[in-house]
Amino acid sequence: MYRLGVDVGGTNTDAALLDEALQVFHTVKVPTTKDVESGIYEAITKVVEQSKIDISSIAYAMLGTTHCTNAIVERKRLNKVGVIRIGKPATTAIPPLTDWPQDLREKVEAASAIVSGGYEFDGRLISELNKEEVIQFCREIRGCAESIAISGVFAPVNKEQEETVAAWVKEELGDIPISLSNEIGSIGVLERENATILNAALITTGQAVIQGFARALSSLHIDAEMFFSQNDGTLMNAAYALRYPILTIGCGPTNSIRGSAHLSGLNDAVVLDVGGTTSDIGILTNGFPRQSSLAVTIGGVKTNFRMPDILSIGLGGGTRIVESDGTVTIGPESVGYEITKKALLFGGDILTTSDIITRLGLAFEDKANHVNHLSFAFCNRVYEQMTEMIVDAVDQMKTSAKEVPLILSGGGSIIVPNSLKGVSEVIRPNHFDAANAIGAALGKVSGDVEQIYNLDKMSREEAIEDAKKIATAKAIKAGADDKEISIISVEQIPLAYLPGNALFVSVKAVGDLQHSHSK
């Protein structure tokens, strides 16, 4: 039984086949198409034809895609959202969507309301719900809201009010898609609310992605279970992805990090993914990407759901080099996917990083005649500057001065030298240019929880055990085999600034795919 992994990037769509032992069987790369779906179809067709496998032996198909990120950035294909915050009178000073960019807010907001309710940090009631307020708001937005976002004060600690309000909304508006904040973000009401609104806005785009992938597989007669890449390096099934499309954001660099770990056999390292336009640097910890501890901004909106800790710099295979008055400027402009037309080595008239390494004899030997006119000393100077950019970026991501291994992925990584300051070794594994599709195919399934517990009411051990149970249940819901789940991280932080004996607990559970597929 094979696994098929597909990763859609800005320039290329990659597809990879992995066998039962998770060894790479075949990979292909095709240009990403404007409608995306035909690029996916072409990549799958190509990998199946070239590998000559029997399509009935593909048991799982995984997709990593930038659809949802692009929808937010481009302000296109977004649902109109009715926003309900449960937090009156405690949170009325700052209304929902206050800090959103105006153009995005206009695209997304149908209307918003703050209704009575909310909890303290330990789950105690701030105020009771008022059903009439919810019903009144539903009547106001009937016909103009396509989905609903509900967020309550400290809802991750106690989700009861969010679920009650959701039931009232369904009574009034019927089967409308509803996003609940306790299922999406962590503690922090405004950022969690923002993530929930974005999730509700992406419901239609999420459906289009899932249906498009299903159509591509069906038209090729591939009967495989579908899974979708999440931004923490794990997978979710189609039903879960339909509910939480926001969780696909940021899965591109994450897939590269996971793929690099698999190809190199390392669980702890720095990963450098070099594309045509940017270099993304992430940290591999226990085989998974290190998560960011900062609020993550998406399309100008601050959120707080889990995202990989990634540093992007404007240096790639197509980055432009400009010299003015003896000063060399590298990027951030890039020729991107037009490199094969515009770069000097392909007969174009724009100087790029790829031209520099070609002149230095490090790549594209067959194209050297196009760049022989460049000064060798000048190219050396630019190459040193490029290398310095990479060294600085790697240093920013490291947590100590100790030398660490660096794994390269992405086609643009030909611009990286074989040794770097602060790096113990530079590793270019086989299939490094398709690490993203390989990372998509690998997937395990995860569940996360971040919750505050009051230790006056329970012991520390009971709090951690409860968090583990919730994380495990979430992993099973996302498609993990309940017999193959392990807890890979437990964090606990005492919260001295809250009254009582408060403890913040964060737990991540990871499991293998559910083996429900039968041929």
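In the predicted model, E163 is partly exposed, at a relative accessible area of 37%. Its side chain meets that of K159 in a salt bridge, at 3.8 Å from N to O. K159 is also partly exposed, with 43% relative accessibility. The structure holds 17 salt bridges.

A second bridge joins K444 and D512, whose closest N and O atoms are 2.9 Å apart. K444 sits in the loop between α13 (435-442) and β21 (445-454), and D512 in strand β23 (residues 502-513), so the pair ties together parts that are 68 residues apart in sequence. Both partners are partly exposed: K444 has a relative accessible area of 32%, and D512 is at 25%. Elsewhere, R139, R142 and E172 are joined into one network by salt bridges that share partners.

Within that network, E172 bridges to R142, with 2.8 Å between the closest N and O atoms. This pair links distant parts of the chain. E172 belongs to helix α5 (residues 160-173), while R142 is in the loop between α4 (131-141) and β7 (147-152). The two residues are 30 apart in sequence. Their burial is as follows. E172 has a relative accessible area of 17%, under the 20% cut-off, so E172 counts as buried. R142, at 46% relative accessibility, is partly exposed.

The largest nonpolar core comprises 69 residues. L4, I40, I44, I58, F213 and F228 touch the most other members. Strand β4 (residues 58-64) gives the most to this core, contributing 6 residues. Apart from it lies another core, of 41 residues. L272, Y383, M386 and I390 are among the members of that other core.

The surroundings of L4 were examined next. Neighbours within four places in sequence aside, L4 is in contact with A16, L17, I44, V47, I58, Y60, A61, M62, L217 and A441. Of these contacts, I44 and I58 are also named among the residues that touch the most other core members.

Aromatic pairs number 5 in the structure. One of them is formed by Y2 and F25. The ring centres are 5.1 Å apart and the planes meet at 55°, which makes the pair tilted. Y2 lies in strand β1 (residues 2-8) and F25 in strand β3 (residues 24-31), so parts 23 residues apart in sequence are tied together by the pair. Y2 is buried, with a relative accessible area of 18%. F25 is partly exposed, at 38%.

A further pair consists of F213 and F228. Their ring centres lie 5.9 Å apart with the planes at 70°, so this pair is edge-to-face. F213 is in helix α7 (residues 203-219) and F228 in strand β9 (residues 225-229), so the pair ties together parts that are 15 residues apart in sequence. F213 is buried, with a relative accessible area of 0%. F228 is buried as well, at 2% relative accessibility. Both phenylalanines appear among the residues that touch the most other members of the largest nonpolar core.

A search of the whole structure for disulfides finds 0. C138 is in no disulfide, and the nearest cysteine sulfur, that of C144, is 11 Å away. For C251, also in no disulfide, the nearest cysteine sulfur is that of C68, at 8.8 Å. A disulfide needs sulfur atoms within 2.5 Å, so neither of these separations qualifies. Both cysteines are buried: C138 has a relative accessible area of 0%, and C251 has one of 2%.

The last residue considered is I438, in helix α13. At 0% relative accessibility, I438 counts as buried. Neighbours within four places in sequence aside, I438 is in contact with A16, L18, V24, T27, G259, H262, L263 and H431. A16 is also among the contacts of L4. E128, by contrast, lies 50 Å from I438 in space, C-alpha to C-alpha. In sequence, I438 and E128 are 310 residues apart.

Key:
Residues are numbered from 1 along each chain as its sequence is written. This is a predicted model: local features need pLDDT of at least 70, side-chain atom pairs count only at pLDDT 80 or more; totals for chains, interfaces and linings use all residues. Side-chain values use heavy atoms; hydrogens and water are left out. A nonpolar core is a set of buried Ala, Val, Leu, Ile, Met, Phe, Trp, Tyr and Cys residues joined through side-chain atoms within 4.5 Å. Buried means under 20% relative accessible area, exposed over 50%, partly exposed in between (1.4 Å probe, protein chains only). Helices (H or I, at least four residues) and strands (E, at least two) are DSSP runs, numbered from the N terminus. Contact means heavy atoms within 4.5 Å. Rings of Phe, Tyr and Trp (its six-membered ring) pair if their centres lie within 6.5 Å; planes under 30 degrees apart count as stacked, over 60 as edge-to-face and the rest as tilted. A salt bridge is a side-chain nitrogen of Lys or Arg within 4 Å of a carboxyl oxygen of Asp or Glu.
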